Each structure stands twice: as C-alpha cells, then as structure tokens.
Amino acid sequence: MTTPILWSFRRCPYAMRARLAIASAGVSVDLREIVLRDKPVAFLATSPSGTVPCLDRGQEVIDESLDIMLWALRYSDPEGLLTMPEAGFDLIAEADGPFKTALDRYK
Ligand SMILES: N[C@@H](CCC(=O)N[C@@H](CS)C(=O)NCC(=O)O)C(=O)O
C-alpha cells in the first residue's frame, strides 16, 4: 500500500482534528501543508470540494475531516476515542451542523 497523502492547512481546525486522529491511530501519511490563498494544482485536482483536509489514498479520496478521522480510528484506536455512547456521535453532528451554522451567522 502506498502512503496516503494528507492535504492540510496548519491553522484549519478541521485539518487539526484530522491530524490528531491520524496521530492517535499511528497511521503514516505524507503531509502536504498548503496555503489556502494559493492552492496547488495537484490539490485542486484531488479535492472535489477544494477544502482541507483531504486524504488521497490512491484508489479513494476522503474529503471530509470527520470521515478522515473515522477512517484512521477504525484502522487503529489505541486511545478508544470511538468507544463512546451514541450520544457522542450525536453531539459531533450537532457541533458540525446547527452549532457551526449559528456560529458562522454570529461572526
Ligand atoms: N467540511 C469540511 C470543511 C473544511 C473547511 O471548511 N476547511 C477550510 C479551512 S478551515 C477550507 O479549506 N476552506 C477553503 C478555502 O478557504 O478556500 C471538513 O470538515 O473537512
């Protein structure tokens, strides 16, 4: 298996949570830090949304931070981060959905 490429931006909170899950899982990735105002052509050719984080696994592209976290932690979860009641996943959905929308409107 070739090493997956993680397109990332240092200060992006979504990229941070993807990097944290990958680090917790102990998965090796080829980290490509980009600058959002000057996105590389290779990144734009990979990411359907043009947003970071984006994981290129060769045969598959994972373009959502939560999906990258789940991919990494389902591979290996030594800290038991996925071991939580269903309410934990509901809370993530609420934070990513209605809370984020309200936060954006407030800003
Ligand atoms: N739904 C995406 C959101 C990612 C996102 O919005 N990332 C921002 C940076 S924090 C981005 O790449 N924005 C594109 C841009 O600013 O051009 C995820 O969770 O992965």
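Against which elements do the buried residues of α3 pack? In this predicted model, the buried residues of α3 pack against α1, β3 and β4 (61-62). The residues of α3 (65-75) that are buried are S65, I68, M69, A72 and L73. These residues lie on the same side of α3, because they cover an arc of only 120° around the axis. The face turned away from this buried side carries R74 and Y75, both of which are exposed.

The packing of α3 can be followed further in the nonpolar core. The largest such core comprises 16 residues, and those with the most contacts inside it are L6, A18, A21, I22, I68, M69 and A72. At least two residues of this core are supplied by each of β1 (5-8), α1 (13-25), β3 and α3. Residue A21 illustrates these contacts: leaving aside residues up to four places away in sequence, A21 touches I68, M69, A72 and L73. Each of these four partners of A21 is among the buried residues of α3.

The surroundings of the ligand were examined next. The ligand is surrounded by F9, C12, Y14, L36, T51, V52, P53, E64 and S65. By class, this shell contains 6 nonpolar, 2 polar and 1 charged residues. One of the residues around the ligand, S65, is also buried in α3. V52 and P53, likewise part of the shell, are joined by a cis peptide bond, with omega near 0°. Most peptide bonds, by contrast, are trans. P53 itself is located in the loop between α2 (41-46) and β3 (54-56).

Note on methods: Residues numbered from 1 in each chain as written. Predicted model: local features only at pLDDT ≥ 70, side-chain atom pairs only at ≥ 80, totals over all residues. Near = placed C-beta within 6 Å. Nonpolar A, V, L, I, M, F, W, Y, C, P; charged D, E, K, R; others polar. Helix = DSSP H or I, 4+ residues; strand = E, 2+ residues; numbered from the N terminus. Core = buried A, V, L, I, M, F, W, Y, C linked by C-beta atoms within 7 Å. Buried ≥ 20, exposed ≤ 12 C-beta atoms within 10 Å, placed from the backbone. Contact = placed C-beta atoms within 7 Å. Arc of directions from axis to C-beta.
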